[in-house]
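User: Please take me through the salt bridges here as closely as you can. Then show me what surrounds the parts they involve.

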Amino acid sequence: MDFWGTVLIVLRRWYVALPAFLLSIGAALGVYSSIPTLYVSNAVLVLTIPPTGGSLPSDPERPNGLTNPLLNFDWGLSMSASILIQVISAPETAESLGVRPEGDTTFTATNGSTNPEALDGGPFVYIEGTSRSPEGARDIVTRVRDRARIELAGRQRQLGAPLATYITMDEMVPPTEPQPQRGGKTRGAAAALLLGILAGLAAVFSLESFLDARKRRRGRPVPAPGLPAEPSLLRR
């Protein structure tokens, strides 16, 4: 059956197609309104080495030279960022921050790579918080950022690193203004509308098949798809 034949059948059975279409729109609107809007906030942290470097001078009278921390990156910082991400992404850490599996607030921490264990992301920590409220999204990002600083200092203290060599954490991008994410709502509404339209077409063609079958049983001629079904036109 070609496209125009399908259109003519739908027009002929408009009393089924129209209500089905209106119901599809209503279902799409219902799905759209039932899915909560999620808000997303982000922050970016960078790990840097102190200006005097990562080691103390062996001769106190000849201290290490000063270096711009932003020009002193190495794989050690990337490794530290990867370790830090693993720590703050642990379920125990999330639970201590008030994030529950059944809750509406979540967060992710990455180094910009899909594999947080890879070192090609550099000494960066990307934090993204998601919540049903703007305040919740920004709050979880702030709490994760503060926890990351505590964990970084605690790990170095446990390893006995000299205080002057501690890796520092700078805030490149502070927690951003939460933005609404409506992609899930739109996709859900579109899926509901599409399913409703398909169900309406199925109902139209089911009715068309049923009426054609009944006409055959009664010995009446059946119009070709897309032709009017009025007896006056069939006799011509």
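Analyst: Arg147 is partly exposed, at 22% relative accessible area; partly exposed is the range between buried (under 20%) and exposed (over 50%), using a 1.4 Å probe and protein chains only. Its side chain forms a salt bridge with that of Glu151, with N to O at 3.0 Å. A salt bridge here is a side-chain nitrogen of Lys or Arg within 4 Å of a carboxyl oxygen of Asp or Glu. Please keep in mind that this is a predicted model, in which local features need pLDDT of at least 70 and side-chain atom pairs count only at pLDDT 80 or more, while totals for chains, interfaces and linings use all residues. Residues are numbered from 1 along each chain as its sequence is written, and side-chain values use heavy atoms, leaving out hydrogens and water.

Glu151, at 15% relative accessibility, is buried. Both partners, Glu151 and Arg147, sit in helix 5, 4 residues apart, about one turn of the helix. Elsewhere, Arg12, Arg13 and Glu208 are joined into one network by salt bridges that share partners. Helices (H or I, at least four residues) and strands (E, at least two) are DSSP runs, numbered from the N terminus.

The salt-bridge rule gives a count of 8. One of them links the side chains of Arg12 and Glu208, at 2.5 Å from N to O. Since Arg12 belongs to helix 1 and Glu208 to helix 6, this pair ties together parts that are 196 residues apart in sequence. Both ends are buried: Arg12 has a relative accessible area of 17%, and Glu208 has 6% relative accessibility.

Another salt bridge joins Arg145 and Glu171, whose closest N and O atoms are 2.6 Å apart. Arg145 is in helix 5 (residues 134–158) and Glu171 is in strand 4 (residues 168–173), so here the pair ties together parts that are 26 residues apart in sequence. Arg145 is buried at 14% relative accessibility, whereas Glu171 is partly exposed, at 30%. Not counting residues up to four places away in sequence, Arg145 touches Leu45, Ile127, Glu171 and Pro175; contact means heavy atoms within 4.5 Å.

Now for the surroundings of Arg12. Helix 1 spans residues 3–12, and its buried residues include Gly5 and Ile9 as well as Arg12. They cover an arc of only 65° around the axis and therefore lie on the same side of helix 1; the arc is taken from the directions from the helix axis to the C-beta atoms. Phe3, Trp4 and Leu11, on the other side of helix 1, are exposed. The buried residues pack against helix 2 (14–34) and helix 6 (183–217).

Those two packing partners also meet in a nonpolar surface patch, to which helix 2 and helix 6 each supply at least two residues. The patch is about 1,100 Å², and among its residues are Trp14, Phe21, Ile25, Leu194, Ile197 and Leu201. Patches are made of residues with over 30% relative accessible area and no salt bridge, joining like charges within 9 Å and nonpolar side chains (Val, Leu, Ile, Met, Phe, Trp, Tyr) within 5 Å. The accessible areas come from the Shrake-Rupley method with a 1.4 Å probe, and for residues only the protein chains shown count as cover. Helix 2 gives the largest share of the patch, 7 residues. Ile197 lies in helix 6 and is partly exposed, at 32% relative accessibility.

Helix 5 leads us to the largest nonpolar core, which has 23 residues; those with the most contacts inside it are Leu47, Phe107, Val125, Val144 and Met169. Strand 1 (38–48), helix 3 (75–88), strand 2 (106–110), strand 3 (124–131) and helix 5 each supply at least two of the core's residues. Such a core is a set of buried Ala, Val, Leu, Ile, Met, Phe, Trp, Tyr and Cys residues joined through side-chain atoms within 4.5 Å. Apart from its neighbours within four places in sequence, Val125 is in contact with Ala43, Val44, Leu45, Ala81, Leu84, Ile85, Ile88 and Thr110. Leu45 thus appears both in this list and among the residues that Arg145 touches.
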